[in-house]
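Work through the exercises below with the sequence and the coordinates open. Each task is followed by a solution in steps.

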Amino acid sequence: MKAIMITMKDLKSHTIYDGSVDDDKLIQWANVAQDIEIQSLLGTRLYKRILNDIIDNTLTTPYKELVEEYIKPALIHWSAVHSLPFLAYTVANGGIYKHQSETSESVDKKEVDFLIEKERTIAQHYSNLLVDYLCYNNRDFPEYLTNINEEIKPDREENNFGGWQL
């Protein structure tokens, strides 16, 4: 069993998603965002520690605060970044289908890309806050900087690229 650090209600109430979006269309992308983005920010050992504590229902301070105040906001918006490109599509036995409503107009790729980039900007902001918090409070999280061998080491760099300054 694997824990997801956010609920689908969290995702819907803090992003553009309507409450009627099927949870099954979102949960896989929350899992992907958690595995890719959050694990790269936390490193394998801290990531696994938090997941195990959630599963065992033993998440306590300071780990609980880390999850609630820093990980969740980042994960919510990274989940949107990963899911937005796929929500209009369904893959079924008969093929790949694009959903269209009779009372609405589909957006074009440029508009979807715009939404993704807005979500990415928000996700990066919360990721930077998470990394800053971990760097400043690394004594509270001994697993943060102890990854070895094939374990993912935390990405402690800000990944914003704002263009060249001359």
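**Exercise 1. A pair in one helix**

With which residue does Lys 109 form a salt bridge, and how far apart are the closest N and O atoms?

Solution. The model is a predicted one.
Step 1. The partner of Lys 109 is Asp 113, and the closest N and O atoms are 2.6 Å apart.
Step 2. Both residues belong to helix H5, where a spacing of 4 residues corresponds to about one turn of the helix.
Step 3. Lys 109 has a relative accessible area of 61% and is therefore exposed, the cut-off for that class being over 50%.
Step 4. Asp 113, at 32% relative accessibility, counts as partly exposed.

**Exercise 2. Another pair in H5**

Find the salt bridge between Arg 120 and Glu 117 and state how many residues separate the two in helix H5.

Solution.
Step 1. The two side chains meet with an N to O distance of 3.1 Å.
Step 2. Because Arg 120 and Glu 117 are 3 residues apart in helix H5, about one helical turn separates them.
Step 3. Arg 120 is partly exposed at a relative accessible area of 32%, and Glu 117 is partly exposed at 41%.

**Exercise 3. A link across the chain**

Which residue forms a salt bridge with Arg 45, and which parts of the chain does the pair link?

Solution.
Step 1. Arg 45 pairs with Glu 151, with 2.9 Å between the closest N and O atoms.
Step 2. Arg 45 is in helix H3 and Glu 151 is in the segment after H5, so the pair, 106 residues apart, links distant parts of the chain.
Step 3. Glu 151 has a relative accessible area of 19% and is therefore buried, given that buried means under 20%.
Step 4. Arg 45 has 32% relative accessibility and counts as partly exposed.
Step 5. For the wider setting, a search of the whole structure finds 9 salt bridges. Asp 10, Glu 68 and Lys 72 are linked in a network of such bridges.

**Exercise 4. The nonpolar core**

Which residues touch the most other members of the largest nonpolar core, and which element gives the largest share of it?

Solution.
Step 1. The core has 37 residues, and those touching the most other members are Ile 38, Leu 42, Leu 46, Ile 50, Leu 66 and Ile 71.
Step 2. The elements giving two or more residues to this core are H1, H2, H3, H4 and helix H5.
Step 3. H4 gives the largest share, 10 residues.
Step 4. H4 is also mostly covered, with 16 of its 21 residues buried.
Step 5. Over the whole chain of 166 residues, 38% count as buried.
Step 6. At Ile 71, one of the core residues listed in step 1, H4 bends by about 45°. A proline, Pro 73, follows within four residues of the bend.

**Exercise 5. Backbone details between H3 and H4**

Where is the cis peptide bond, and which residue has a positive phi although it is not a glycine?

Solution.
Step 1. The cis bond joins Thr 61 and Pro 62, with omega at about 5°.
Step 2. Pro 62 lies in the loop between helix H3 (44-56) and helix H4 (63-83).
Step 3. The residue with positive phi is Asn 57, at about 60°.
Step 4. Asn 57 also lies in the loop between H3 and H4.
Step 5. With a relative accessible area of 71%, Asn 57 is exposed.

**Exercise 6. The strands**

How many bridges join strand E1 to strand E2, and do the strands run parallel or antiparallel?

Solution.
Step 1. E1 covers residues 89-92 and E2 covers residues 95-98; 4 bridges join them, and they run antiparallel.
Step 2. With 2 residues between them, E1 and E2 form a hairpin.
Step 3. Thr 90 stands opposite Tyr 97 in E2.
Step 4. The chain has 5 helices and 2 strands, in the order α-α-α-α-β-β-α along the sequence.

**Exercise 7. A nonpolar surface patch**

Which residues make the nonpolar surface patch of about 290 Å²?

Solution.
Step 1. The patch is made by Ile 16, Phe 114 and Leu 115.
Step 2. Ile 16 lies in the loop between helix H1 (8-13) and helix H2 (23-42).
Step 3. Ile 16 is exposed, its relative accessible area being 55%.

Note on methods. Residues are numbered from 1 along each chain as its sequence is written. This is a predicted model: local features need pLDDT of at least 70, side-chain atom pairs count only at pLDDT 80 or more; totals for chains, interfaces and linings use all residues. Side-chain values use heavy atoms; hydrogens and water are left out. Patches are made of residues with over 30% relative accessible area and no salt bridge: like charges are joined within 9 Å, nonpolar side chains (Val, Leu, Ile, Met, Phe, Trp, Tyr) within 5 Å. Accessible areas come from the Shrake-Rupley method with a 1.4 Å probe; for residues, only the protein chains shown count as cover. A salt bridge is a side-chain nitrogen of Lys or Arg within 4 Å of a carboxyl oxygen of Asp or Glu. Buried means under 20% relative accessible area, exposed over 50%, partly exposed in between (1.4 Å probe, protein chains only). Two strands pair if DSSP finds at least two bridges between them. The bend at a residue is the angle between axes fitted to the seven residues ending there and the seven starting there. A nonpolar core is a set of buried Ala, Val, Leu, Ile, Met, Phe, Trp, Tyr and Cys residues joined through side-chain atoms within 4.5 Å.
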